[in-house]
Every structure is written in C-alpha cells, then in structure tokens.
Amino acid sequence: MQQDMVLSLGQKMLEVTAMLAGPLLIPALIIGLLVGMFQAATQINEMTLSFIPKLAIVGIALVIFGPWMLTTLISFTRELYENIPALIG
C-alpha cells in the first residue's frame, strides 16, 4: 500500500511539473517557431533576434500565469507535507 502511495505521489509530481512548465514553454515554442520562420524568409542569422522575443514572452507569461502557478505549487507542497505521516508508515 505504501508503494502505491509513492507511485501515485510520483505521478502527481510529474503532472504538476508539466502543468507548471506548459504555460511558459508553449508560448516560447510558438514565438521561436515564428522568429525562425522570419529568419529563414529574410536570411537574417542573428542569435539575439530569436532570444529577445522568447525572453519577453516568457516574462509576460510568467506575469500572467505566475499567481496560478504559485497557488498550484503551494497546494501540491501542502498536500505533500500532509501525506508525510502516511508515507513514513
């Protein structure tokens, strides 16, 4: 029974990690793709041209999704601390 709880805890951890990483990585991926297409069309090979927009969009996404991400992380951490006695035995 304890092993099942550890496995479900690991699964929940991976789900929370994906939920927290998604709102930051997906916009960066889309902007990187658009900038890459622009660079290919204009034959501009400037590294900062792809870095600056991705940095800006990740910052904007962090401002927008930050409170939700923080409450999700706090909720998971609180649940983890509450389950410590059950995990120990």
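**A nonpolar patch on a three-helix chain**

Good morning. I begin at the surface, where M19, I60, I64, F65 and W68 make a nonpolar patch of about 480 Å². A patch here consists of residues with over 30% relative accessible area and no salt bridge, with like charges joined within 9 Å and nonpolar side chains (Val, Leu, Ile, Met, Phe, Trp, Tyr) within 5 Å. A salt bridge, in turn, is a side-chain nitrogen of Lys or Arg within 4 Å of a carboxyl oxygen of Asp or Glu. Accessible areas come from the Shrake-Rupley method with a 1.4 Å probe, and for residues only the protein chains shown count as cover.

Before going further, I should say that this is a predicted model, in which local features need pLDDT of at least 70, side-chain atom pairs count only at pLDDT 80 or more, and totals for chains, interfaces and linings use all residues. Residues are numbered from 1 along each chain as its sequence is written, and side-chain values use heavy atoms, leaving out hydrogens and water.

Which element gives the patch its largest share? That is helix α2, residues 47–82, with 4 residues. M19, by contrast, lies in helix α1, residues 2–42. Overall, the protein chain has 3 helices and 0 strands, in the order α-α-α from the N terminus. Helices (H or I, at least four residues) and strands (E, at least two) are DSSP runs, numbered from the N terminus.

Is M19 buried, exposed or partly exposed? M19 is partly exposed, because its relative accessible area is 40%; buried means under 20%, exposed over 50%, and partly exposed in between, with a 1.4 Å probe and protein chains only.

M19 also appears among the partners of T72, a residue of helix α2. Setting aside neighbours within four places in sequence, T72 is in contact with V16, M19 and L20, where contact means heavy atoms within 4.5 Å. T72 counts as buried because its relative accessibility is 13%.

Q39 belongs to helix α1. With a relative accessible area of 15%, Q39 is therefore buried. Residues up to four places away in sequence not counted, Q39 touches I44, E46, L49 and S50.

Turning to the whole chain, buried residues make up 17% of its 89 residues. About 6800 Å² is exposed, 74% of it supplied by carbon and sulfur atoms. The C-alpha atoms fill a box of roughly 60 × 25 × 15 Å along the principal axes. Finally, among contacts between residues at least 6 apart in sequence, 73% join residues at least 24 apart.
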